[in-house]
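Q: Could you take a close look at one part of this protein, the open sheet, and explain carefully how its strands are arranged and what packs around them?

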Amino acid sequence: MKNRTSKLLLFFTVLITLTATLSWLPGTTPSNKIANATMNPSSNVKELLAPKKVVFIAGACSHGPGQHEHNAGCTLLASQLNKQIPNLVQATVFQGWPPDSTVLNDAAAIVLYMDGAEGHLALQHLRHLETLMKKGVGLACIHYAVEVPKDNGGPEFKRWIGGYFETFWSINPHWLAEYKSLPTHAVTRGVKPFTINDEWYYHMRFQDNVTGVTPILTAIPPASTLTKKDGPRDNNEFVRKEEGRPQHMCWVTERPDKGRGFAFTGGHFHKNWGDENFRKLVLNGIAWTARVEVPKNGVPAPPLLDAEMMVNLDQKPCVKN
Ligand SMILES: [Zn+2]
């Protein structure tokens with residue numbers, strides 16, 4: 001009898017240890033994983049070692065040639081992840097919101113690269129996204145995808161990615177950003193300081209007191225970015241008070257639900273993806289958002305062929321539907 005009790009005790013100790021360990025492993029939905037693990041440990045381990053699913057959603061044609069190339073940009077980034085870290089990430093690209101949005105349910109991260117504001121594709125899916133975010137799914141937003149209306153999406157994006165572009169507060173000038181030093185973070189692994197011209201939005205509306213936000217790219221915008229007349233995205237009295245102060249053009253956040261957010265305000269010019277450091281930073285950011293351990297030297301970002309840069313460029317001028 002005593003022997004049986006100690007065996008039972010041992011069994012429950014192992015079970016509790018196993019469930020506790022699995023619940024802390026990244027990218028899992030604790031309750032389901034625990035149930036699966038206790039029923040079939042080997043299949044669960046296989047699942048945990050499988051590459052993380054990353055779903056890119058590319059917005060429609062926009063702007064002139066070589067600008068806001070959402071589909072080509074997503075294609076390029078997704079194919080680089082699949083090629084360079086196939087054991088860690090499996091990425092797919094959808095042009096427009098997936099018709100069957102249940103494909104997002106088992107994603108480790110979702111990447112949005114699309115025009116924002118009132119036409120932001122996520123606005124029709126805030127409730128679904130909220131469910132996914134609560135499960136710990138990562139969210140990465142590139143360029144215009146960081147802009148949502150203040151009262152529709154603003155509060156959600158502030159929670160999900162730590163901050164967003166708010167009209168009459170944030171601005172969208174083109175300028176040469178000099179990133180002279182980078183913080184130590186998984187997202188900056190292997191990235192060297194770089195200088196590049198882009199439409200670097202800045203003066204974002206961050207979580208209150210920037211709590212929970214880790215800046216990744218910080219630079220001081222030149223005074224020339226503050227010369228336009230006031231407007232929703234051009235200039236305003238609040239940003240003018242910030243003249244000469246450092247601004248954050250890329251940042252990450254870790255939510256209480258264990259989900260991760262990554263935001264990058266560059267990405268206006270397609271040719272910038274050809275810059276190794278620019279591209280590596282975003283590849284790292286997406287991998288980190290999917291709770292992948294970013295390689296020691298970052299996701300490899302060897303020079304791209306012209307042909308690789310050209311895949312899936314939109315037909316311009318854009319045809320309005
Ligand atoms: Zn732009």
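A: What follows looks at the sheet, then at a helix beside it, and then at the nonpolar core.

This is a predicted model, and its protein chain contains 9 helices and 11 strands. The open sheet is built from 7 strands in the order β2-β1-β3-β4-β11-β10-β9, and the pairing among them is mixed. At the edges stand β2, covering residues 89–95, and β9, covering residues 213–219, each of which pairs on one side only. If direction is ignored, neighbouring strands of the sheet are turned against each other by 15 degrees on average.

In general, the strands of a sheet pair through backbone hydrogen bonds, in either a parallel or an antiparallel way. The edge strand β9 runs antiparallel to β10, residues 247–254, and 6 bridges join the two; within this pairing, Thr214 has Val252 of β10 as its bridge partner.

Helix α4, made of residues 70–84, packs on the sheet and touches β1 (52–58), β2 and β3 (109–113), while its direction makes about 165 degrees with that of β2.

Turning to the core, nonpolar side chains in soluble globular proteins tend to be buried together. The largest nonpolar core here has 77 residues, and those with the most contacts inside it include Val54, Phe56, Leu81, Val111 and Ala287. Helix α8, residues 276–289, gives the largest share of this core, namely 7 residues. Leaving aside residues up to four places away in sequence, Ala287 touches Leu81, Ile85, Leu88, Val89, Val292, Val294 and Val299.

How values were computed. Residues numbered from 1 in each chain as written. Predicted model: local features only at pLDDT ≥ 70, side-chain atom pairs only at ≥ 80, totals over all residues. Pairing = 2+ DSSP bridges. Helix = DSSP H or I, 4+ residues; strand = E, 2+ residues; numbered from the N terminus. Axes fitted to C-alpha atoms, helices over the stretch in contact; angles between N-to-C directions. Contact = placed C-beta atoms within 7 Å. Core = buried A, V, L, I, M, F, W, Y, C linked by C-beta atoms within 7 Å. Buried ≥ 20, exposed ≤ 12 C-beta atoms within 10 Å, placed from the backbone.
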